[in-house]
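Below is a set of questions and answers on one protein chain. Please keep the sequence and the structure in view while reading.

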Amino acid sequence: MKGGKSKADTSKKSDAKLSTKRKGVEKATKTAKKVKAGKDPNKPKRPPSAFFVFMEEFRKQFKEKNPNNKLVSVVGKAGGDKWKSLSEAEKAPYVARANKLKSEYTKNIAAYNNKMSEGPHNRADEEEESDKSKSEVNDEDEEGSEEEEEEEE
């Protein structure tokens, strides 16, 4: 019976060693950072929600009433409280403006996506231009080689 226990103990120890090795491998893979694709500066920005449309106006009013306030958090907190206290009828103009901005955004993003889908055709043109610039470089190299030949003679 003692022999049976010792075999079980040794198998547990080997399992523990394997598990620590596996953990080390997992940590190595977790520490590797994923590289994000760069953001396109030409992509249209998302439209503000009704609350943020309201906050644009509210910030101006709050600043006029409290010119000595330097804290952004106070303005945000006051704006949030005011927004919560507004009725649906009072929120309606902000919601309507936000919907208008959203419809403009959908048109802009559709145009942007169409432009991006046509990108491979534009890239071929860019490659042709880059080939032209390469030929200019080659011309310069040829000129340099002619000068070297003259110096040798």
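Q: What distance does helix H2 reach from its first C-alpha to its last?
A: The model is a predicted one. Helix H2 covers residues 50-65, which gives 16 residues. At 1.5 Å a residue, 22 Å is expected, and the end-to-end value is close to that. From first C-alpha to last, H2 reaches 23 Å.

Q: Which secondary structure elements does the chain hold?
A: Strands number zero in this chain. Read from the N terminus, the elements run α-α-α-α-α. The secondary structure therefore comes to five helices, counting helices and strands as DSSP runs.

Q: What share of the chain is buried?
A: Buried here means under 20% relative accessible area. The chain has 153 residues. Its accessible surface comes to about 13,900 Å², and carbon and sulfur atoms account for 52% of that. The buried share of residues is 12%.

Q: Among contacts between residues at least 6 apart in sequence, what percentage join residues at least 24 apart?
A: Two residues are in contact if heavy atoms lie within 4.5 Å. One contact of Ile 109, leaving aside neighbours within four places in sequence, is with Lys 43. For the chain, the part of the contacts at least 6 apart that join residues at least 24 apart is 73%.

Q: Which helices are included in what covers the buried residues of H2?
A: The buried residues of H2 are Ala 50, Val 53, Phe 54, Met 55, Phe 58 and Phe 62. From the other side, the buried residues of H4 pack against H2 and H3. The cover over the buried residues of H2 includes helix H3 (72-85) and helix H4 (88-117).

Q: Which helix supplies the largest share of the largest nonpolar core?
A: This core has 11 residues: Ala 50, Val 53, Phe 54, Met 55, Phe 58, Phe 62, Val 75, Trp 83, Leu 86, Tyr 94 and Ala 98. At least two of its residues come from each of H2, H3 and H4. The largest share is six residues, and the helix supplying them is H2.

Q: Which residues does Ala 98 touch, not counting residues up to four places away in sequence?
A: Ala 98 is one of the buried residues of H4 and belongs to the largest nonpolar core. Val 53 and Ala 50 are also members of that core. The residues touched by Ala 98 are Pro 48, Ser 49, Ala 50 and Val 53.

Q: Where does H4 bend by about 30 degrees?
A: H4 has 30 residues, which should span 44 Å at 1.5 Å a residue. Its end C-alpha atoms are 41 Å apart, in agreement with that value. The bend of about 30 degrees is at Tyr 94.

Q: How many residues apart in sequence are the parts tied together by the pair of Phe 54 and Tyr 94?
A: The structure holds eight aromatic pairs. Phe 54 and Tyr 94 form an edge-to-face pair, with 5.3 Å centre to centre and 80 degrees between the planes. Because Phe 54 lies in helix H2 and Tyr 94 in helix H4, the pair ties together parts whose separation in sequence is 40 residues.

Q: Is Tyr 94 buried or exposed?
A: The cut-off for buried is under 20% relative accessible area. Tyr 94 has a relative accessible area of 15%, so Tyr 94 is buried.

Q: What kind of aromatic pair do Trp 83 and Tyr 94 form?
A: Trp 83, at 15% relative accessibility, counts as buried. The ring centres of Trp 83 and Tyr 94 are 6.3 Å apart, with 65 degrees between the planes. Planes over 60 degrees apart count as edge-to-face, so the pair of Trp 83 and Tyr 94 is edge-to-face.

Q: How far apart in space are Ile 109 and Lys 45, C-alpha to C-alpha?
A: Ile 109 is found in helix H4 and counts as buried at 14% relative accessibility. Lys 45 is 64 residues away from Ile 109 in sequence. In space, the C-alpha to C-alpha distance is 8.8 Å.

Q: Which residues is Val 74 in contact with, leaving aside its neighbours within four places in sequence?
A: Val 74 is found in helix H3 and counts as partly exposed at 35% relative accessibility. Val 74 and Phe 62 are 12 residues apart in sequence, with C-alpha atoms 9.9 Å apart. The contacts of Val 74 are Phe 62 and Asn 69.

Notes
Residues numbered from 1 in each chain as written. Predicted model: local features only at pLDDT ≥ 70, side-chain atom pairs only at ≥ 80, totals over all residues. Heavy atoms only, no water. Helix = DSSP H or I, 4+ residues; strand = E, 2+ residues; numbered from the N terminus. Expected span 1.5 Å × (residues − 1). Buried < 20%, exposed > 50% of the residue type's maximum accessible area, 1.4 Å probe, protein only. Core = buried A, V, L, I, M, F, W, Y, C linked by side-chain atoms within 4.5 Å. Areas by Shrake-Rupley, 256 points an atom, 1.4 Å probe, with all protein chains shown as cover. Bend = angle between axes of the 7 residues up to and from the residue. Phe/Tyr/Trp six-rings, centres within 6.5 Å; stacked < 30°, edge-to-face > 60°.
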